[in-house]
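Reader: I am in my first year and still learning how to read a protein model. Could you choose a single part of this one, look at it closely, and then lead me outward from there in one connected answer?

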Amino acid sequence: MQPIIFCDFDGTITETDNIFSLMTEFVPEESEKIAKAMMEQTISFKDGLSAMFRLLSTQQKDDVIQYLMNSAVIREGFGEFVRYAQDNNIPFYIVSGGVDFFIKPLVEKYGPFSGIYCNKADFSGDQIELIYPNSCDEACTKFSTQGCGCCKPSVMRKVATEDHYKIVIGDSLSDFEAAKLADIVLARDHLIQRCEELHVPYKPFTTFHDCLHIVQELLDSTNTVPTI
Ligand SMILES: [Zn+2]
């Protein structure tokens, strides 16, 4: 079995959720109603995300990007963890419900990655319009509504093979479905409780130093020799 890593971005690679902090900074009242509906799952993750970004004018593009570049904090140990995966030929995918215009510049210096799957933004109109290139496949429970936006389980089914030992790293709602497909979950925050409920094997983590030690132990204990 070869390990493969699927890592979330917001609240996982970064300390906090960038979309939440962006909305709180630029459109606090309007976005809060949408966020609440998303958490209560009265609207889909995708529809909520689209509605939030539509609150932002495309004229705010530079301010939005500048704000995120200044406010996002990469979680401790991320660089070492990525290098460990690279040195051991462990494929490392970033799979995120966030948007390319802030994810790519923030992770660029740590790459290359095996792939970055996320949403895109269209700045050609008056408001920011999100585009979803990684939609739900037929095996996703939200296929009929395409409700995931960036569908993490669909990406995993596309990228991983049966021989892969799937390591999912994440923290919240958008990782719940991905966790069900994982061989092991490295979890923070809401995802810890969700793994307990789902009876999915997981290890809690705080920094990426923890993740490195967990993966290192896994490799040692299973004698998994990664091959190219
Ligand atoms: Zn889906």
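**A close look at strand S2**

Author: In this predicted model, strand S2, which covers residues 92-99, is mostly covered, since eight of its eight residues are buried. The side chains of the strand can be sorted by direction: Phe92, Ile94, Ser96 and Gly98 point one way from S2, while Tyr93, Val95, Gly97 and Val99 point the other way, and the residues of both groups are buried.

Next come the neighbours of the strand. S1 pairs with S2 in the parallel sense, over three bridges, and within this pairing Phe6 has Tyr93 of S2 as its bridge partner. S2 is also joined to S3 by four bridges, and these two strands run parallel as well. Here Tyr93 appears again, with Gly115 in S3 as its bridge partner. To get from S2 to S3 the chain passes through H6, and this β-α-β crossover is right-handed.

The path from H6 to S3 deserves a careful look of its own. Pro112 sits in the loop between helix H6 (100-107) and strand S3 (115-122), and the peptide bond that joins Gly111 to Pro112 is cis, with an omega of about 5°. As a general background, most peptide bonds are trans, and most residues other than glycine have a negative phi. Two residues of this model can be read against the second half of that statement. Gln41, in the loop between helix H2 (28-39) and helix H3 (45-54), has a positive phi, near 60°, although the residue is not a glycine. With a relative accessible area of 54%, Gln41 counts as exposed, because the cut-off for that word is over 50%. Gln146, which is likewise not a glycine, has a positive phi of about 55°, and its place is in the loop between strand S4 (129-131) and helix H7 (152-159).

The loop between S4 and H7 also holds Glu138, which is exposed, with a relative accessible area of 70%. Glu138 and Ser154 are 16 residues apart in sequence, and their C-alpha atoms are 8.6 Å apart in space.

From here we can return to S2 by way of the empty space inside the model. The structure holds two cavities of 30 Å³ or more, and the second largest has a volume of about 50 Å³. Val95 is part of the lining of this second largest cavity, along with residues that include Phe6, Cys7, Asp8, Lys152 and Met156. The elements that each give two or more residues to this lining are strand S1 (2-7), H7 and strand S5 (164-170). Sorted by class, the lining has seven nonpolar residues, three charged residues and no polar ones.

Cys7 in that lining leads to a last topic, the cysteines. The count of disulfides comes to zero. Cys118 is not bonded to another cysteine, because its sulfur is 6.9 Å from the closest cysteine sulfur, that of Cys150, which is too far when the two atoms must be within 2.5 Å. Cys211 is in no disulfide either, and the nearest cysteine sulfur, in Cys7, is 7.1 Å away. Both cysteines named here are covered: Cys118 counts as buried at 5% relative accessibility, and Cys211 is buried with a relative accessible area of 0%.

Methods. Residues are numbered from 1 along each chain as its sequence is written. This is a predicted model: local features need pLDDT of at least 70, side-chain atom pairs count only at pLDDT 80 or more; totals for chains, interfaces and linings use all residues. Side-chain values use heavy atoms; hydrogens and water are left out. Buried means under 20% relative accessible area, exposed over 50%, partly exposed in between (1.4 Å probe, protein chains only). On a 1 Å grid over the protein atoms alone, a cavity is a set of points where a 1.4 Å probe fits but cannot get out, and a pocket is an open set with protein on both sides within 12 Å along at least five of seven lines; lining residues have an atom within 4 Å of a point. Grid points are joined across faces, edges and corners, and a volume is the space filled by probe spheres set on the points. Ala, Val, Leu, Ile, Met, Phe, Trp, Tyr, Cys and Pro count as nonpolar, Asp, Glu, Lys and Arg as charged, and the others, Gly among them, as polar. Two strands pair if DSSP finds at least two bridges between them. A crossover is right-handed if, with the strands pointing away from the viewer, the path from the first strand over the helix to the second runs clockwise.
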